[in-house]
Amino acid sequence: MIEVQRTLLEWYARDARSFPWRYVNPEPYHVLISEYMLQQTQTQRIAERFPVFIEQYPNVQILSETTKQEIIMAWQGLGYNNRALRLRECAITIVEKFGGIIPDTYDELISLPGIGPYTASAIMAFAHGKDMAIIDVNIFRIYARLMGISDPADAKKSMIASFADQAYPRGKASEWHQALMDVGARWCKAKHALCNECPLHIHCKSAFQVNMQTKKKSRKEPSHRDVPNRIWRGRTIECLRNRPLYAESKELLLSAIIEHPVNEQDIHWFDQTILPALVKDSLIEYDMHTHIVSIAS
Ligand code: SF4
């Protein structure tokens with residue numbers, strides 16, 4: 001493993017991707033924000049939005065004082081808007097329970113709203129420099145392939161967890177895992193692998209053997225007008241960002257989202273699916289009597 005570590009870290013020192021949250025000694029607050037944003041949003045989009053967000057919310061205290069409406073507005077372009085509300089709750093908890101200091105133990109981090117095992121480990125390693133194995137979907141895939149399992153669906157979680165614990169160089173958990181993330185983003189992708197360009201190919205048991213052509217059918221997401229409901233929920237919030245209160249009727253909001261004349265089926269679907277989901281996530285408020293829809297206050 002020492003040779004793999006040397007190869008990867010030497011490559012990373014030469015050719016790491018540069019992001020606004022990647023510094024030698026990053027602020028724990030910046031790592032917290034970037035890891036929240038990185039849950040399900042493309043890195044390039046975060047690279048654009050991160051500096052704007054940090055300018056608006058330069059520290060955890062200021063973030064904890066924001067309103068729901070303000071943070072939903074500030075989350076523009078990042079998708080999965082309920083993460084904005086979880087982040088606000090997280091900041092409030094950090095201020096109330098931890099005096100405004102980002103915790104540096106795994107158990108404290110994982111007790112915070114919106115932080116799961118991956119994010120807690122990432123904050124431990126990237127923000128606090130702790131020795132900690134990190135496994136996200138990309139790192140899982142790379143470890144599986146390094147071990148000779150070209151399709152990560154065939155790898156057992158326990159096997160990868162044990163490999164992950166032994167793989168990273170002690171004292172360099174941050175660089176190691178960020179380097180793996182770069183390998184996953186650039187070469188070792190889910191559907192194909194560019195092994196000839198990958199710095200790990202001389203050590204990898206799956207090098208030049210990854211062929212995902214015949215793999216599983218993708219699950220069909222619940223949709224309307226051939227667009228997944230998750231996109232419609234995002235578009236609803238986007239419309240409300242431009243105009244936070246639709247007082248006249250929800251049909252007006254619906255036609256702004258669909259960008260077509262709406263019919264009975266659209267209204268039924270919006271009533272039964274999109275509005276309840278957004279209310280449940282506390283992203284909007286909806287008055288069933290007046291039909292006023294507004295962004296959560
Ligand atoms: S050599 Fe190929 S399969 Fe192995 S880690 Fe690199 S890209 Fe992935």
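A residue counts as buried here if 20 or more other C-beta atoms lie within 10 Å of its own, with C-beta atoms placed from the backbone. By that rule, 32% of the 297 residues in the protein chain are buried. Please keep in mind, as you look through the views below, that this is a predicted model.

**Figure 1. The whole chain, with its 14 helices and 5 strands.** Let us start with the full picture. Along the principal axes, the C-alpha atoms of the protein chain fill a box of roughly 65 × 50 × 30 Å. Among contacts with a separation of 6 or more, 60% join residues 24 or more positions apart. Buried residues account for 32% of the chain, as noted above.

**Figure 2. Where domain 1 touches domain 2.** The protein chain is divided into domain 1, residues 1-216, and domain 2, residues 223-295. Their C-alpha centres are 33 Å apart. Where the two touch, 9 residues of domain 1 are in contact with 8 residues of domain 2. On the domain 1 side, helix 5 and helix 6 (82-98) are the elements that give two or more residues. Helix 5 gives the most, with 4 residues. By class, this side of domain 1 comprises 3 nonpolar, 5 polar and 1 charged residues.

**Figure 3. Helix 2, largely enclosed by the rest of the structure.** How many of the residues of helix 2 are buried? The count is 9 of 11, so this helix is largely enclosed. You can pick out the buried residues one by one: Tyr 29, Val 31, Leu 32, Ile 33, Ser 34, Glu 35, Tyr 36, Met 37 and Leu 38. The cover over them includes helix 3, helix 4 (60-64), helix 6 and helix 8 (117-128). After helix 2 comes Gln 40, which has a positive phi near 75 degrees.

**Figure 4. Helix 3 and its kink at Arg 49.** Helix 3 runs over residues 43-56, and its 14 residues should span 20 Å at 1.5 Å a residue. The expected span is 1.5 Å times one less than the number of residues. The C-alpha atoms at its two ends are 20 Å apart, so the model agrees with that expectation. Along the way there is a kink of about 35 degrees at Arg 49, shortly before the proline Pro 51. Which residues of helix 3 are buried? They are Ile 46, Phe 50 and Phe 53, and they pack against helix 2 (28-38) and helix 5 (68-74). Residues three or four places apart in an α-helix point the same way, because there are 3.6 residues a turn.

**Figure 5. The surroundings of the ligand.** Here 15 residues lie around the ligand, and those that come nearest are Cys 188, Cys 195, Cys 198, His 201 and Cys 204. Sorted by class, the shell holds 12 nonpolar, 2 polar and 1 charged residues. The cysteines belong to the nonpolar group in this sorting. To place this view relative to the helices, take Cys 188 and Ile 92: they are 96 residues apart in sequence and 38 Å apart in space, C-alpha to C-alpha.

**Figure 6. Ile 92 in helix 6 and Lys 157 in helix 10.** Ile 92 is part of helix 6. It is partly exposed, because 16 other C-beta atoms lie within 10 Å. Lys 157 belongs to helix 10, which covers residues 157-167. Is Lys 157 buried or exposed? Its 9 C-beta neighbours inside 10 Å make Lys 157 exposed, as 12 or fewer is the cut-off for that class. From Lys 157 to Ala 144 the distance is 9.7 Å in space, C-alpha to C-alpha, with their positions 13 residues apart in sequence.

**Figure 7. Two loop residues with positive phi, Tyr 80 and Arg 225.** Most residues other than glycine have a negative phi. Tyr 80 is not a glycine, yet its phi is positive, at about 40 degrees. You will find Tyr 80 in the loop between helix 5 and helix 6. It is partly exposed, because it has 16 C-beta neighbours inside 10 Å. The phi of Arg 225 is also positive, near 50 degrees, and this residue too is other than glycine. Arg 225 sits in the loop between strand 1 (223-224) and strand 2 (227-228). With 10 C-beta neighbours inside 10 Å, Arg 225 counts as exposed.

Conventions: Residues are numbered from 1 along each chain as its sequence is written. This is a predicted model: local features need pLDDT of at least 70, side-chain atom pairs count only at pLDDT 80 or more; totals for chains, interfaces and linings use all residues. A residue is near a molecule or strand if its C-beta atom, placed from the backbone, lies within 6 Å of it. The bend at a residue is the angle between axes fitted to the seven residues ending there and the seven starting there. Two residues are in contact if their C-beta atoms, placed from the backbone, lie within 7 Å. Domain bounds come from an automatic or database domain assignment.
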